[in-house]
Every structure is written in structure tokens, then in C-alpha cells.
Amino acid sequence: MRVILEAQHAVGHPQPRGVGHYAIQIIQTLLSRRTFDYGLAYFDCNGEAGNRKRAEKYFGSFHVPFYECNELDYRVASRDDARYGIKTYNEWTGSEGEIYHFMSPVCVPVNLDGKMIVTIHDLSWCSNPGVLSEHETDLFKTGRRRIEQVRPVIITDSDSSRNEILKYMDKIRPEQVKKVYLSYDEKNMFPEKNAGPFNEESRYL
């Protein structure tokens, strides 16, 4: 089975943050398991952002195909339904998969040949209006509308986030939302600092 992993958030920024770290870690873990036939897809209009270089850095050792869209800017695809919908996501990226896993609700396509999985970490912009900028909120609103249209399987991090999704996405059914807890990066954990019984002094180490 060919599974296409959307790597935009992993490779699209020189200094990955929350969702970027999630994307890097989950993609590397899935590729290392080799359970399926994987490929990675992302946008880099005219190759100007250097996303392939970061893709090689994070995932080159796994020797999987990269499907890079050089015709369309990711920012345009995130906002412009008409332009994004001219072709399928498969055609934009040149990828052919049976399952596509998108790491964020931003830029989810409504025109896709294949089954879709989307990770949604939270809907804090719904439960706490104003927490994001107007620009960011508009992007997530577009993503929510597209998700409600295509109704994919949704992965989320907790019961709280699952409840938010079912509350603010009334077209999504409970059986579509799967809770998958986050893990931790062993390279950034230091268990030796936490060894031994807890005491007041140890909390400051």
C-alpha cells in the first residue's frame, strides 16, 4: 500500500516549531518502521524556498520518493479554493497514493484521489477567539471548511481536543475522530536528571 505523508510542515520552515517538530518525528518514525510503501509530498513554488534540501536533511536516509510541487505556492493553496481545486492534490504533487496523511488542517485539499487522514492538534482558535492572529484564524477557518466537506479520518492528541473537534465541526461524526497520544523525543529527554526519589531540591535541577 502506498501512503503519502504530507511533509510541508516538516520542511517548509528553516526553524520548525510545534507542528513542524510533530511532522518530522512522526514521519521519521513511520519511515523507520517500513510498514507501508511511503512517499513524501510538499510544495515549493519554483524551488525557491529550499524545501528539498530540508527534506533530504530529515528524510534522505530513508530513500523514499519526494513529490515536490513547483507550480503552486503553498500560501496560495492554503487560501484559494478555485486555484487549488483546478487539479487534484495528486496532480499538483505528482504523487499516487492510496492513503494521504496531512499533518495539519491548513491546506487540506478537497480534490484528492485517495483516502485522507488529517492530524488536528486542537481548535483553540475556536474555543479561545483571539488567541491567533486574524490571518492565522482565516487559514484555519478555510481548513475547517474543507475538512467538513471531505470528512476524512481525523487524528488528535487528547480527549479534550477530540471534544473540541466534535463541538466545532458539526459535520464530523464521532467515529471519524481517533485519539492518538503524543510521545516524546528520546534525544531531548534526560531521564538521569529525574532519577531517584523526588525532593524539593530536585525540582530545581
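**Figure 1. Residue classes around the largest pocket.** In the classes applied here, Ala, Val, Leu, Ile, Met, Phe, Trp, Tyr, Cys and Pro are nonpolar, Asp, Glu, Lys and Arg are charged, and the others, including Gly, are polar. The model is predicted, with local features requiring pLDDT of at least 70 and side-chain atom pairs pLDDT 80 or more, while totals for chains, interfaces and linings use all residues. Numbering starts from 1 along each chain as its sequence is written, and side-chain values rest on heavy atoms, without hydrogens or water. The lining of the largest pocket contains 14 nonpolar, 14 polar and eight charged residues.

**Figure 2. Centre and walls of the largest pocket.** The largest pocket (an open set of points on a 1 Å grid over the protein atoms alone where a 1.4 Å probe fits, with protein on both sides within 12 Å along at least five of seven lines) holds about 1100 Å³ of space. This volume is the space filled by probe spheres set on the points, which are joined across faces, edges and corners. There are 36 lining residues (those with an atom within 4 Å of a point), and His9, His13, Arg17, Tyr74 and Val106 are the closest to the pocket centre. Two or more lining residues come from each of the elements α1 (8-11), α2 (18-33), α4 (74-79), α7 (124-127) and α8 (134-150). Helices (H or I, at least four residues) and strands (E, at least two) are DSSP runs, numbered from the N terminus.

**Figure 3. The second largest pocket.** This pocket has a volume of about 580 Å³. Its lining comprises 19 residues, with Gln25, Ile26, Thr29, Ser183 and Tyr184 nearest the centre. Helix α2 supplies seven residues, the largest share of the lining of the second largest pocket. By class, the lining of the second largest pocket is made up of eight nonpolar, six polar and five charged residues.

**Figure 4. The open sheet and its edges.** Seven strands form an open sheet in the order β3-β2-β1-β4-β5-β6-β7, and their pairing (at least two DSSP bridges between two strands) is parallel. Strands β3 and β7 (177-179) are the edge strands, each pairing on one side only.

**Figure 5. Strands β1, β2 and β3.** Strand β2 (residues 37-43) runs parallel to β3 and is joined to it by four bridges; Phe43 has Cys69 as its bridge partner in β3. Strand β3 (residues 66-69) points Phe66 and Glu68 one way and Tyr67 and Cys69 the other way, and all are buried (under 20% relative accessible area, 1.4 Å probe, protein chains only). Strands β1 and β2 also run parallel, joined by five bridges. In β2, Ala41 is the bridge partner of Glu6.

**Figure 6. Strand β4 between its partners.** Strand β1 (residues 2-6) pairs with β4 in the parallel sense over three bridges, and Val3 has Ile99 as its bridge partner in β4. Four bridges join β4 to the parallel strand β5 (residues 115-119), where Val118 is the bridge partner of Phe102. From strand β4 (residues 99-102), Ile99 and His101 point one way and Tyr100 and Phe102 the other way; all are buried.

**Figure 7. Two loop residues with positive phi.** Arg34 lies in the loop between α2 and β2, and its phi is near 55 degrees, a positive value in a residue other than glycine. Arg34 counts as exposed (over 50%; values between the buried and exposed limits are partly exposed) because its relative accessibility is 55%. Cys107, in the loop between β4 and β5, is not a glycine, yet has a positive phi of about 75 degrees. Cys107 has 3% relative accessibility and therefore counts as buried.
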